[in-house]
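Here's a quick walk through one model, starting with a spot that is easy to miss on a first pass. Have the viewer open and follow along.

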Amino acid sequence: MRLISALSMVALWGCTTQDVEVLSNAARFPAYPDALFSAIESTCTDPADTLLRPKRGILECRSFLSPEESAALIITYDGTPEKLPQLVMRFQAMKDNGGYLVDYQAFIDVPQKTGAPVRLSQHSPWVLRRMAQIFQLSGGEMVPPPAEA
């Protein structure tokens, strides 16, 4: 399973700023999702990839983009070439009612010359469907998105 290869296509889909909404997908697992996290770890291995585990239950695969994509993002969002934009795929497992809730987010992080990075969320029905398949193959049950107020 080439999770990261499939999900790196997220970068090619339309972007919106973080003020709108971060692409999110969630599933409930009966136990800690070791199989899911192992699969993610085994696919985040390209030279442009960095695997981060900031704390238990959070796993991030950060991937550098092509030089052309990076340059376009730096110019468009007033970024900095000292720290390049990255596609971020974050998985967070939280203990929840006898199991674990795993949330997935995909976004592009564009570091700024000053201040916090600009976060560009990815909105793609294809990615949402693909993540649902990956969660289900790993033993998770999809959680419907929260109702809008």
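Let's begin at an arginine and a ring: Arg56 lies over the face of Tyr32, at 3.9 Å from the ring centre. Bear in mind while looking that this is a predicted model. Tyr32 is buried, as is Phe37, and these two rings form an edge-to-face aromatic pair, with 5.7 Å between centres and 70° between the planes. Tyr100 comes into the picture too, since Tyr32, Phe37 and Tyr100 form one aromatic cluster.

A second arginine does something along these lines elsewhere. The charged end of Arg119 sits over the ring of Phe107, 3.9 Å from its centre.

**The overall layout**

Stepping back, the protein chain has four helices and eight strands. Going along the sequence, they follow the pattern α-β-β-α-β-β-α-β-β-β-α-β. Of the 149 residues in the protein chain, 44% are buried. Among contacts with a separation of 6 or more, 66% come from residues 24 or more positions apart. The accessible surface of the chain adds up to about 8,100 Å², and carbon and sulfur atoms account for 56% of that.

**Helix α4 and its phenylalanine**

Now for α4, which covers residues 125-137. This helix has 13 residues and reaches 18 Å from its first C-alpha to its last, close to the 18 Å expected at 1.5 Å a residue. Which residues of α4 are buried? They are Val127, Met131, Ala132, Ile134 and Phe135. These residues cover an arc of only 165° around the axis, which puts them on the same side of α4. Over on the other side of α4, Arg129 and Leu137 are exposed. The background here is simple: an α-helix has 3.6 residues a turn, so residues three or four places apart point the same way. After α4 comes Gly139, with a positive phi near 100°.

Phe135 deserves a second look. The structure holds four aromatic pairs, and one of them joins Phe29 and Phe135 edge-to-face, at 6.1 Å centre to centre with 80° between the planes. Phe29 lies in strand β2 (residues 23-29) and Phe135 in helix α4, so the pair ties together parts that are 106 residues apart in sequence. Both of these phenylalanines, Phe29 and Phe135, are buried.

**Helix α3 and what covers it**

Helix α3 spans residues 67-76, and its buried residues are Ser70, Leu73 and Ile74. Seen down the axis of α3, they fall within an arc of 100°, so they line one face of the helix. What lies over that face? The cover of the buried residues of α3 includes β6 (99-110) and β7 (118-122). On the other side of α3, Glu68, Ile75 and Thr76 are exposed.

**Positive phi off glycine**

Just as α4 is followed by Gly139, α3 is followed by Asp78, again with a positive phi. Asp78 isn't a glycine, though, and that makes the backbone there worth a look. As a rule, most residues other than glycine have a negative phi. Asn97 also has a positive phi without being a glycine. Here are the two side by side:

| Residue | Phi | Loop | Relative accessibility |
|---|---|---|---|
| Asp78 | near 55° | between α3 and β5 | 47% |
| Asn97 | near 35° | between β5 and β6 | 75% |

Asp78 counts as partly exposed because its relative accessibility is 47%, whereas Asn97 is exposed at 75%.

**A lysine in β5**

Both of those loops border β5, with Asp78 in the one between α3 and β5 and Asn97 in the one between β5 and β6. Strand β5 itself runs over residues 86-96 and includes Lys95. Is Lys95 buried or exposed? Its relative accessibility is 64%, so Lys95 counts as exposed. The C-alpha atoms of Lys95 and Ala31 are separated by 8.9 Å, although the two residues are 64 residues apart along the chain.

Technical notes. Residues are numbered from 1 along each chain as its sequence is written. This is a predicted model: local features need pLDDT of at least 70, side-chain atom pairs count only at pLDDT 80 or more; totals for chains, interfaces and linings use all residues. Side-chain values use heavy atoms; hydrogens and water are left out. Helices (H or I, at least four residues) and strands (E, at least two) are DSSP runs, numbered from the N terminus. The expected span of a helix is 1.5 Å times one less than its number of residues. Buried means under 20% relative accessible area, exposed over 50%, partly exposed in between (1.4 Å probe, protein chains only). The arc is that of the directions from the helix axis to the C-beta atoms. Rings of Phe, Tyr and Trp (its six-membered ring) pair if their centres lie within 6.5 Å; planes under 30 degrees apart count as stacked, over 60 as edge-to-face and the rest as tilted. A charge sits over a ring if NZ of Lys or CZ of Arg is within 6 Å of the ring centre and within 35 degrees of the ring normal. Contact means heavy atoms within 4.5 Å. Accessible areas come from the Shrake-Rupley method with a 1.4 Å probe; for residues, only the protein chains shown count as cover.
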